[in-house]
Amino acid sequence: EEIEKGGFDHFMLKEIYEQPRAILDTYRGRLLAKEGIIRMAGIDQNMEKFLNANRIIIVACGTSWHAGLVAEYIFEDLARIPVEVEYASEFRYRNPVVTENDVLIAISQSGETADTLAAIKLAKEKGAFVFGVCNVVGSSIARETDAGAYTHAGPEIGVASTKAFTTQITVLTLLALKLAKAKGVFNSTRFHEYLTELEQIPAKVERALLTNPLVEIIAKVYKDSPNCLYLGRGYNFPVALEGALKLKEISYIHAEGYPAAEMKHGPIALIDEHMPVVVIATSKGHYEKIVSNIQEIKSRKGKIIAVVTEGDVQVRELADHVIEVPETLENLTPLLTTIPLQLLSYHIAVMRGCNVDQPRNLAKSVTVE
Ligand code: G6P
């Protein structure tokens, strides 16, 4: 096992560090920037299904559901296709309206999650075309779906998902870009801009990983907090949810993720000088709005840990701690902003003496209801 950990103390940390490679492996051979094409057999062979779809329904659980939320924003923004994201466990039991004109995308690292599998079967019965995004080759979900695209993250051992999340977003981004191009929403210049930026992502994730020593220092300050709030807007809202999920999964600290603007409808009541608030405040996407949210937290004496874009000035003046990640296109920011949040939960869990790779009560894949 020590050999498998490759010199890291835990699988989770190893997997966090594998992300530049995992993302690269996921788009390698698919993204051909020079030729200006994205090649994905499962999509190319079924393009008509996607182009004629009334809407896309995404079903997933846990971290994969968060990747689905990011995908919703990307699909609607780039490809102008209506998307709904559902917890598989709710979808399967609520008598949903599904027709043969719908495309269902199931996202699952393991490909074995019982609720997601059952949601697929239901959608197929109703005639929908079902596309899978799985990491485990030959898994039940990969076999049950009509077509799909694998993430090439490699085996994920840590129960708390990390590299599966970023590679799922990578695959779904490629899919959205293909659809945007095929629908004519994207001209080739814009398409090319995305392809070249995607090629920069592994190096930028590498740079985001350099925040590790700083994140460890911040973790030390907040490791004994009983609660933590995570806020983000737009593309960083699902990142806030995922950051909170990571913290509660492995450190057992109660954490909540919220859309930053929604804070005033509840969580703001919790803010005092004891409440750490992680705010994702990158330069693109509602920056001024999030700065004003940060001011609201500060005036209530909350402790602000901000994830910002390199070179940020405004948030730095307000926050107690700033963690910088490289700049990228707005749609791709989750691939970078999620990195320091994974590291933060990791270090806090280690400092609290928790079993990081095998947290209590959790399973890597939930194959029962
Ligand atoms: C479990 C795991 C999570 C994972 C979720 C969905 O809860 O602990 O890390 O996100 O299942 O799993 P899946 O394999 O379907 O992505």
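**Exercise 1. In what order do the 5 strands of the open sheet that includes S9 stand, and is the pairing parallel or antiparallel?**

Before we start, note that this is a predicted model: local features need pLDDT of at least 70, side-chain atom pairs count only at pLDDT 80 or more, and totals for chains, interfaces and linings use all residues. Residue numbers start from 1 along each chain, as its sequence is written.

Step 1. Get the labels straight: helices (H or I, at least four residues) and strands (E, at least two) are DSSP runs, numbered from the N terminus. Two strands pair if DSSP finds at least two bridges between them.

Step 2. Read off the order, S9-S8-S10-S11-S12, with parallel pairing.

Step 3. Look at the edges. Strand S9 (254-259) and strand S12 (321-325) each have a single partner strand, so one side of each is left without a neighbour in the sheet. On average, neighbouring strands here are turned by 20° against each other, direction ignored. Axes are lines fitted to C-alpha atoms, for helices over the stretch in contact, and angles run from 0 to 180 degrees between N-to-C directions.

Step 4. Zoom in on one pair. Strand S11 (residues 303-309) is joined to S12 by 5 bridges, and Ile 305 has His 321 in S12 as its bridge partner.

**Exercise 2. Find the helices that lie across this sheet: which strands do H11 and H12 cross?**

Step 1. Start with the rule for touching: two residues are in contact if their C-beta atoms, placed from the backbone, lie within 7 Å.

Step 2. Helix H11 (residues 212-222) lies across strand S8 (227-232), strand S10 (276-281), S11 and S12, and runs at about 150° to S12.

Step 3. Helix H12 (residues 236-251) lies across S8, S9 and S10, at about 175° to S9.

**Exercise 3. Now work out the sheet that holds S5: what is its strand order?**

Step 1. Its 5 strands make an open sheet, ordered S4-S3-S5-S6-S7, with parallel pairing. Strand S4 (83-87) and strand S7 (147-150) stand at the edges with a single partner strand each, so one side of each has no neighbour in the sheet. From one strand to the next, the twist averages 20°.

Step 2. Check what sits beside S5. Strand S3 (residues 55-60) pairs with strand S5 (residues 102-108) over 5 bridges; Arg 55 stands opposite Asp 102, and Ile 58 opposite Ile 105. S5 and S6 pair over 6 bridges, with Phe 129 of S6 as the bridge partner of Val 103.

Step 3. Add the helices. Helix H7 (residues 114-125) lies across S3, S5 and strand S6 (129-134), at about 165° to S5. H9 lies across S5, S6 and S7, at about 140° to S6.

Step 4. Ask how enclosed S5 is. A residue is buried if 20 or more other C-beta atoms lie within 10 Å of its own, exposed if 12 or fewer, and partly exposed in between, with C-beta atoms placed from the backbone. In S5, 7 of the 7 residues are buried, so the strand is largely enclosed by the rest of the structure. Asp 102, Leu 104, Ala 106 and Ser 108 point one way, while Val 103, Ile 105 and Ile 107 point the other way. In a regular strand, side chains alternate between the two faces of the sheet.

**Exercise 4. Track down the largest nonpolar core: how many residues does it have?**

Step 1. A nonpolar core is a set of buried Ala, Val, Leu, Ile, Met, Phe, Trp, Tyr and Cys residues joined through C-beta atoms within 7 Å.

Step 2. The largest one has 128 residues, and those with the most contacts inside it include Ile 58, Leu 104 and Val 279. Helix H9 (residues 163-182) gives the most to this core, with 11 residues.

Step 3. Follow Val 279: leaving aside neighbours within four places in sequence, its contacts include Leu 231, Ala 260 and Ala 306.

**Exercise 5. Visit the ligand: which residues are closest to it?**

Step 1. A residue is near a molecule if its C-beta atom, placed from the backbone, lies within 6 Å of it. The ligand is surrounded by 16 residues, and the closest are Gly 62, Thr 63, Ser 108, Ser 110 and Thr 113.

Step 2. Helix H5 (residues 62-79) gives the most to this shell, with 3 residues.
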